[in-house]
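Here are a few exercises to help you find your way around a new structure. Try each task by yourself, then walk through the solution.

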Amino acid sequence: MRVLIVDDDDDIRTITRLSLTTVGGLDVVEAADGRAAVDAALCDRPDLILLDVMMPEMDGVQTLAALRSHGPIARIPVVFLTAKALQSEIDRLLSFNVAAVFVKPFDPLTLADRLREVERRIRLAQSPSGALESSRPYS
Amino acid sequence: MVIGLVITGQDGIIESVNPAAERLFGTVSEDLVGRHLGVVLPAFADQTPGKALDDNRRLAIGGVVESEAWRSGHTFPVEMALYGFPTASGRRFAVSLRDISERQALDRLKRDFVSMVSHELRTPLTSIHGSLRLLRSGSLGPVTSATATALHIADRNTARLLSLINDILDCERLAAGEALQAAPVSMATVIAHAVGSVQTFADESAVRIEQAHVEGTVLGDADRLVQVVVNLLANAIKFSPKGALVSVASKERFGWIEVTVADQGRGIPLDQRELVFEPFHQVDRSDARQRGGTGLGLAISRRIIDRHRGAIGVESVEGKGSTFWFRLPAARAAGLDTRALALASGNGR
């Protein structure tokens with residue numbers, strides 16, 4: 001499974017990469033902003049995109065819209081990663097019909113498993129989009 | 001704080017207003033007297049004050065509700081109370097009003113601030129927490145014993161900081177009136193889940209948890225009630241000596257379910273028993289450092305129980321132990337419905 005990590009924070013990208021590759025055994029590509037994310041998705045065709053919400057210039061929601069406006073990558077499942085743990089914010093993000101919303105800080109030892117589970121549920125539902133899961137802020 | 005006062009007859013026709021009400025509505029008494037209350041308070045547009053009292057339990061018991069009023073073609077938020085009183089020429093009604101625009105704006109500002117702080121703290125914490133977890137797990141290479149000790153200390157303190165942020169956010173959520181789920185909840189299930197959550201902590205602390213008699217069903221938010229019992233159990237374990245017993249029970253009495261968590265700890269001085277439910281209050285200032293915790297657990301618990309229209313408290317004997325308790329209306333006697341629970345605002349208004 002190949003995951004595209006989109007986050008403007010270099011440190012978070014590094015931790016996420018180590019978590020998904022070294023611990024989780026996944027293949028990853030990275031992008032530091034929304035435009036780079038669209039380019040990377042078109043070029044590398046990931047199975048899933050882990051997308052930070054608060055980024056300068058293009059935020060996560062704008063990036064999601066840009067991804068969905070490109071036919072070939074429009075249906076790649078997206079998981080939002082947010083530092084805002086309020087339920088109202090999680091509900092707002094789920095309303096964009098993403099696969100899941102994960103709250104920071106995440107556990108790097110289980111992140112890959114959580115993404116695999118999201119991917120498995122999407123496959124089972126045979127629906128590449130849909131609000132299937134909301135990670136609980138305190139779980 | 002200036003209170004606007006409007007007096008009406010049974011038909012809702014305004015008979016008099018005080019100067020504060022004139023300022024509130026941005027008009028003069030002459031423009032209001034003789035007109036229906038609905039022209040300034042949309043809540044009365046199609047009902048009389050008497051019917052409003054009959055229909056709204058909170059108003060009927062003398063409580064205040066948040067509503068809207070008209071001023072210069074725009075509505076603004078008000079806090080409103082309504083009273084009926086007899087006079088020689090028939091029943092009359094008094095509506096008292098307070099403009100809460102400024103308070104709501106401040107509340108919004110506070111929520112935005114908490115949200116912003118949460119984000120700004122969580123982002124660096126994600127990097128720190130993630131790095132420490134990866135290092136401790138050995139995924140990035142072998143860890144010596146001394147390194148493991150240092151990493152454990154750093155990880156534990158990061159977790160403490162994170163708990164603090166989570167608890168502050170939780171307080172804010174409850175204060176903002178986040179809706180609670182209302183469904184029949186078995187206290188046996190709540191207690192079983194809560195005990196399961198703290199069992200490892202109890203084992204590490206060499207404290208035994210005993211589930212005594214457990215019964216009763218309440219109408220409430222299962223996750224939030226588990227959170228309350230976890231808070232009480234975690235506190236009891238934290239303040240118990242090694243080898244001590246913590247006992248949790250629930251009993252039904254006179255239409256109420258009472259849950260108790262009893263410990264054999266040092267007890268709480270009389271003058272501190274109410275204060276322990278205040279945010280950030282610790283009986284001993286060194287407790288937060290030595291025993292962990294944010295000082296918000298009991299404050300959050302009280303807010304959750306208040307939202308369920310229940311009560312929470314503590315009985316204690318210094319040197320012998322404390323029994324924390326909360327009471328909730330039993331489901332079949334509660335007369336509560338999901339609407340009633342949603343109406344229980346988070347700030348006690």
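**Exercise 1.** Decide whether Arg13(A) is buried or exposed, then find its salt-bridge partner Glu30(A) and say where the two sit.

*Solution.* Keep in mind that this is a predicted model. Start with the accessibility: Arg13(A) has a relative value of 12%, and buried means under 20%, so Arg13(A) counts as buried. Next, look at the partner. The side chain of Arg13(A) meets that of Glu30(A) in a salt bridge, with 3.2 Å from N to O. Now place the two: Arg13(A) belongs to helix α1 of chain A and Glu30(A) to strand β2 (residues 27-31), so the pair, 17 residues apart, links distant parts of the chain. Glu30(A), for its part, is partly exposed at 31%.

**Exercise 2.** Work out how Asp113(A) and Arg116(A) are separated in helix α5 of chain A.

*Solution.* First, check the link: their side chains form a salt bridge at 3.5 Å, N to O. Then count along the helix. The two are 3 residues apart in α5, so about one helical turn separates them. Last, check the surroundings: Asp113(A) is partly exposed at 48%, and Arg116(A) is partly exposed too, at 33%.

**Exercise 3.** Find which helices of chain B are linked by the salt bridge of Asp155(B) and Arg136(B), then name the members of a salt-bridge network in chain A.

*Solution.* Begin with the distance, which is 2.8 Å from N to O. Asp155(B) sits in helix α6 (residues 145-175) and Arg136(B) in helix α5 (residues 101-137), 19 residues apart. Asp155(B) is buried at 8%, while Arg136(B) is partly exposed at 40%. As for the network, salt bridges with shared partners tie together Asp10(A), Arg13(A), Arg17(A) and Glu30(A). Across all chains, the structure holds 21 salt bridges.

**Exercise 4.** Describe the place where chain A and chain B touch.

*Solution.* Count the residues: 24 from chain A are in contact with 23 from chain B. Then take the area. Together the chains bury about 2100 Å², with 66% of that on carbon and sulfur atoms. Now turn to the pairings. There is 1 salt bridge between the chains: Asp107(A) pairs with Arg133(B), and their closest N and O atoms are 2.7 Å apart. The chains also have 3 residue pairs in polar contact, counting those with both residues at pLDDT 80 or more. On the chain A side, helix α1 (residues 10-23) gives the most, with 7 residues. Sorted by class, that side has 15 nonpolar, 3 polar and 6 charged residues.

**Exercise 5.** Follow α8(B) from its start to the loop that holds Ser240(B).

*Solution.* At the start of the helix, a side-chain oxygen of Asp221(B) comes within 3.2 Å of the backbone nitrogen of Asp223(B). α8(B) has 17 residues and spans 24 Å from first to last C-alpha, close to the 24 Å expected. Of those 17 residues, 14 are buried, leaving the helix mostly covered. Past α8 (222-238) comes the loop leading to β9 (245-253), where you'll find Ser240(B). Ser240(B) is buried at 11%. A polar atom of the Ser240(B) side chain lies 2.6 Å from the backbone oxygen of Ala236(B). Leaving aside neighbours within four places in sequence, the contacts of Ser240(B) include Val207(B) and Asp263(B).

Technical notes:
Residues numbered from 1 in each chain as written. Chains lettered and ligands numbered in written order. Predicted model: local features only at pLDDT ≥ 70, side-chain atom pairs only at ≥ 80, totals over all residues. Heavy atoms only, no water. Helix = DSSP H or I, 4+ residues; strand = E, 2+ residues; numbered from the N terminus. Buried < 20%, exposed > 50% of the residue type's maximum accessible area, 1.4 Å probe, protein only. Polar contact = N/O pair within 3.5 Å; in protein donor to acceptor, adjacent residues only side chain to side chain. Contact = heavy atoms within 4.5 Å. Buried area = accessible area lost by both parts, 1.4 Å probe. Salt bridge = Lys/Arg side-chain N within 4 Å of Asp/Glu carboxyl O. Nonpolar A, V, L, I, M, F, W, Y, C, P; charged D, E, K, R; others polar. Expected span 1.5 Å × (residues − 1).
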